[in-house]
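Please open the model in your viewer and keep the selection tool at hand, since this tour moves from one stop to the next by residue number.

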Amino acid sequence: MSEFSEKIESLIPQLTLEEKAALTVGRDMWSTYPVERLGIPSVVMTDGPTGVRMAASSGDNIGHSMPATCFPTASGLASSWNRDLLAEVGRTIGIEAQALGVQTLLGPGLNQKRSPLGGRNFEYLSEDPVLTGELATAFVNGIQGEGVGACPKHYVANESETNRMFSDAIIDERVLRENYLHAFEVAVKKAQPWTMMESYNKINGEYVAENKRLLHDILKEEWGYEGIVISDWGAVNDRVGGIRAGLHLQMPTAPTAWRVVDAVNDGSLDESRLDEVVRDLLEYVFKADAAKKIGVTFSEDEHHQVARRAAAESVTLLQNDGDLLPLSPSAQVAVIGEFAKKPRYQGGGSSKVNPTRVEILYDELSAAYGNDLPYAAGYHGEEISDELLAEAVETARAADIAVVVIGLPDSYETEGRDRTHIDLPEAHNTLVSHIHEVQPNTVVVVINGSAVDLSWVSYVPAIVEGWLTGQGSGGAIADVLTGAVNPSGKLAESFPWRIEDTPTYTCFWPDAHGTIPFSEGVFYGYRWYDTRDIEPHFPFGHGLSYTTFEYSDLNLSTTTYTEGEPLEVQVTITNTGDRMGKEVVQLYIHEHESRFPRAVRELKDFAKVELAPGESQIVTFVLDGKAFAQWDTAVPGWVVNPGTFDIIVGASSRDLRLETSLEVNSTSLPKKVYTRMTPLGDFMKIPAIEKMVRDQFIARMGDGPFMEMILMFVISTPVGKMAYNGQMSEEQLQGMLDMANAS
Ligand code: BGC
């Protein structure tokens, strides 16, 4: 029951069948259908998620939208690992949405990074479902706190762009639950997004747009989702099937309402099902309309400062040999690279915002030094020439330090297309190697939205991952380079050495039938590299600071934990350096003996703390039973396996500082049921049965290696089969079953 329920119940009988059908399809590119005679308004939605992309006309006009603040893309924001920051960016976007007359913002993107090749990785947060879910929750709460709906997307398993309209993700249920649904589940349970965008693709042969299990059974019934499901733009294949399944709104407009009308008239769609969909839709429409604020304005300056701060916290210091950074104020710094003057700060496609202004790294750095720094373009786009190279080399040689800005051009990263490799343009790599030959004090700033191969990592002393950090990126990167901001970003995705090392190297691309086997299972991202012991270029969670942090006193509220209770984990973090800094503290678990294959480490929580030099803070994490659980397809449900787990706290997935262990008692492990199909070996785990079986074997063939070998042969044989083949009698079998089931 909501404040609108009564009104909605009185409206439904007044709506004609045609009006009800019309409500389930968009009016145009960005708004819902109104029914003016009954006072049902239209609501406006727009992309997202790096800012408000409010179309300047009713068409889809990427690049021609109303000016709005352009924030870092998701891969940047996620590198902040800062829930408060995500909430603040969400709030700021919410205010702009109100000012621009938008009631729902299409974002954030919660798909997982199975491969660095994913064309929209820049729009997605992480390769870790826990980090994704937590940051998404903060972002959604931030937007919705301003009375604007959020729309997590693309639900679900749309992890690549190739053939996205018909690719078929073949995923087993445990992998789907633990990895691809997890972030959506967290966002639904903790933030109740007003809307959710389903994806284009199929899962296990069925389009998500018409998949009742995903859209209704799991989302609504299991998770208690109260909002509506919107199709991705053009994802609908069968509008009537979608209504049955729980797809509330088809977007954008399409002439499909008559199909719904016909289906009700010919009896193939129950009108009461249509009413349920309309009821949810009206709830959303009235809520969004009531939350509309008239006359909202915003200060472009203030919002720009939020964008710049967010960018600075996203920037990640990957390498800093010999403390080359921060730049010495007295050094002669040369700036090399076209990106320093012609910035790339966002990705291509539907998320492209028309920024209110754009900061230029070269200008910001020059301003910090109080004079125009020496500059050379070094390359144009992907091209390099002898002249450009010679000029860049001379400029770098004449300086004390060269800051070289390189990265992926626009054409490399965009919606609708996956990358085919992780290389930077050859021209950019050539530039770095030539500059380094004449200037050992080389700092490389990389601009990209997803992991790349930094082939010169072994000899370039300082590397700054600048991401695609929005309109404030120029100032933000300058602040990190000069030390005005102490970097605190940490990678939310692993950087592999080679594409061949990545978890989905053999299973990322759809095959001739559009099938994508998610055969890496639960092992993607660091869960793959750490379990396989494959050294990444830079690991998940890695990022340096200009100060240092010490971890001490890892304590648990109990060392024997029972599922269902809260488990408190405390650790003390101390700033042992000489400047203020922020540290991202990461909590991982390791299960000693799991029932199902499990990564050697899984992130379960994180916190970001700011500490003055010498200051210490106790960080407290609270885990619940779900942190230890795996999805058991036979139950089906979340099951905690009793046994020993390690609780590990670290500064990255590979920089593990403290560890302690814990005995976990389960309340969810189902009692084992022994049947005729249970193998003999399982019975033999019960000591009394083991003795009985052994005695019988010994009686038949004597004790010794031969008997042991025969026992080995039969241990995996179902007992029913043994009885059928005369290896035991039916009475013996029944006795064993009774004993085992009573144990
Ligand atoms: C994208 C969505 C986007 C929508 C509207 C689709 O192609 O996949 O993320 O929100 O277009 O622009």
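Begin by selecting Tyr561, which counts as buried because its relative accessibility is 0%, and bear in mind throughout that this is a predicted model. Add Phe628, which is likewise buried, with a relative accessible area of 1%. Tyr561 and Phe628 form a tilted aromatic pair, with 5.4 Å from centre to centre and 40° between the planes. Tyr561 belongs to strand E17 (residues 560–562), whereas Phe628 sits in the loop between strand E21 (616–623) and strand E22 (630–632), so the pair ties together parts that are 67 residues apart in sequence.

Next, turn to other rings in the model, where the count comes to 18 aromatic pairs. Select Tyr155 and Trp223, whose ring centres are 6.2 Å apart and whose planes stand at 75°, so this pair is edge-to-face. Tyr155 is in the loop between strand E3 (149–150) and strand E4 (168–170), and Trp223 is in the loop between helix H8 (212–222) and strand E8 (228–230), so the pair joins parts that are 68 residues apart in sequence. Are these two residues buried or exposed? Tyr155 is buried, with a relative accessible area of 0%, and Trp223, at 6% relative accessibility, counts as buried as well. Then select Trp81, Tyr526, Phe540, Tyr588 and Phe606 together, which ring pairs link into a cluster.

Move on to helix H12, residues 300–314, and place a distance between its end C-alpha atoms. At 1.5 Å a residue, the 15 residues of this helix should span 21 Å, and the end C-alpha atoms are 21 Å apart, which agrees. Among the buried residues of H12 are His303, His304, Val306, Ala307 and Arg308.

Now colour the strands of one sheet, in which six strands form an open arrangement in the order E9-E14-E13-E12-E10-E11, with mixed pairing. Strand E9 (316–320) and strand E11 (375–376) stand at the edges, each with a single partner strand, so one side of each is left without a neighbour in the sheet. Which strand pairs with E11, and in what sense? Strand E10 (residues 333–336) pairs with E11 in the parallel sense over two bridges, and the bridge partner of Ile336 in E11 is Ala376.

Finish at the surface by selecting Phe706, Met709 and Phe713, which make a nonpolar patch of about 350 Å². Phe713 is found in helix H20 (residues 705–714), and Phe713 is exposed, with a relative accessible area of 59%.

How values were computed: Residues numbered from 1 in each chain as written. Predicted model: local features only at pLDDT ≥ 70, side-chain atom pairs only at ≥ 80, totals over all residues. Heavy atoms only, no water. Helix = DSSP H or I, 4+ residues; strand = E, 2+ residues; numbered from the N terminus. Expected span 1.5 Å × (residues − 1). Buried < 20%, exposed > 50% of the residue type's maximum accessible area, 1.4 Å probe, protein only. Pairing = 2+ DSSP bridges. Patch = residues over 30% accessible without salt bridge, like charges linked within 9 Å, V, L, I, M, F, W, Y side chains within 5 Å. Areas by Shrake-Rupley, 256 points an atom, 1.4 Å probe, with all protein chains shown as cover. Salt bridge = Lys/Arg side-chain N within 4 Å of Asp/Glu carboxyl O. Phe/Tyr/Trp six-rings, centres within 6.5 Å; stacked < 30°, edge-to-face > 60°.
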